[in-house]
Amino acid sequence: MDFREMMDSKYRDLLVSYIKDESEQALYQGQKFSRKSIEHKISPEDIISLHKYLMIDLYPDLPEHVVKSFDILLEVMMGYGLAYREHQSLRHVQQELRSEMEIASNVQKTLLSTEIPNVESIDIGAISIPAKMMNGDYHHFVQDEDKYINIAIADVIGKGIPAALCMSMIKYAMDSLPENRNIPTKVLGNLNRVVEQNVDPSMFITMFYGVYEMQSHIFHYASAGHEPGLFFEAKTEEFSDLEAKGLLLGVDKKAEYKQFKKEMDIGDMIILMSDGVTECRTEEGFIEKETLIGYIKKHIHLKAQEIVDNVYKELVKIQDFQLRDDFTLIIFKREV
C-alpha cells in the first residue's frame, strides 16, 4: 500500500468513526490528519474529492443535491488550494531572504566593528542600534599612538542592504587614507570624491569626523551635512550646539569642507549622534532637543557608556519600544 492509499484508508476510518460516535477523539485525529496532509502536500481539493467519493461509497442513496454540493465545494477549494500553495511558496522565499539577511547582518557587524580606545584621560561611550536587521549608521574610532583619537559617525540616507553596502565602502575608503586621517577636512574631501564616483546618485551620506589631540586637548572637526553634535561645558554646566556646516557626501565632487575646533577642559563632553536620536517620534511628534539634553543630564554622573545606554533606554521607551530609525549615540568626555 502506497502513501496515498494509506491516507485514503486513514481518512475513511476517521470519517466512519466520527459519523458513528461524534467523539472528540475523532476530531483530534482529524486535526492530526490535516497536519500530515499539509506535510505531504496533499491539496485541499484532493481531500474534498476523497470525502465525496467515500460518502457516495458509504451511502449509495445519498440525496443528489448533497452530492452536487460537493462539486461546488470542490471548485471553491481548488481556488483556495492554488492560493494556499502560492502562499507557501512565498513564505519559503521569505524564509530564505530572512536567512540571507541574517547572514548579511552578521557580516556587516564583523566588517564595521570598531573598538573604543582605552585611554585614561578620556571616557568614551558608544551605542549603535539598527531599526531593522541592517544598519544604515556607522561609527568608527582610531587611536593614533598617544597623540590623536579619531572619531567618525555617518548615516546613509536610506536603509537595508544598499545602505549597508555604502557603509562598508566608506569604512574601507577610510582605511585606505591613513596619511590624512588626522585632518578632518581632507578626510571628508577624499570620502566625498569616493562616494560621488561609486554611489548611486539617489543615495547620499552624511558624516561627522573629529580628531582629538591628547596633548593639547583640542577637538578638531568637520561635518558633511551630519546631525549637529552637542558640547557640554563642565564649568558652566551648559549645553551648546557643535555647529559645523558642509555638503552631504556624494553631491558635488568639488565640495570643500570647513574645519572647526573646540578646546576641552576637564569634565567637558562632546555628544555625537545620528538623526535616529533627534528624530525620535512619539504621539505628539518629534522630541525636542531639550528632552534629549534632559536625559543626558539625568545620567551625567555616570560613566560615558552608562550614559549612552541609559539615554537609549529612555528614548526607546517613549517610542513604545519601537525604533523607527537607526540609532547611534557617542559621548566623548575629558577626565584628566
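Colleague: Which residue in β5 does F208 stand opposite?
Modeller: This is a predicted model, in which local features need pLDDT of at least 70, side-chain atom pairs count only at 80 or more, and totals for chains, interfaces and linings use all residues. Residues are numbered from 1 along each chain as its sequence is written, and side-chain values use heavy atoms, without hydrogens and water. Strands β4 (residues 205-213) and β5 (DSSP runs of E, at least two residues, numbered from the N terminus) pair in the antiparallel sense, and the residue in β5 that stands opposite F208 is S223.

Colleague: Over how many bridges do β4 and β5 pair?
Modeller: Two strands pair if DSSP finds at least two bridges between them. For β4 and β5, running in the antiparallel sense, the count is 6 bridges.

Colleague: In the hairpin of β4 and β5, which residue takes a positive phi?
Modeller: The hairpin has 4 residues between its strands. The residue with a positive phi, near 60 degrees, is H217.

Colleague: Which residue in β8 does H220 stand opposite?
Modeller: Strand β8, which spans residues 260-263, pairs with β5 in the antiparallel sense over 4 bridges. There, the residue that stands opposite H220 is K261.

Colleague: Why is β5 described as largely enclosed by the rest of the structure, and how many of its residues are buried?
Modeller: Both faces of β5 are covered, with I218, H220, A222 and A224 buried on one side (under 20% relative accessible area, 1.4 Å probe, protein chains only) and F219, Y221 and S223 buried on the other. Strand β5, residues 218-224, is largely enclosed because the number of its residues that are buried is 7 of the 7.

Note on methods. Buried < 20%, exposed > 50% of the residue type's maximum accessible area, 1.4 Å probe, protein only.
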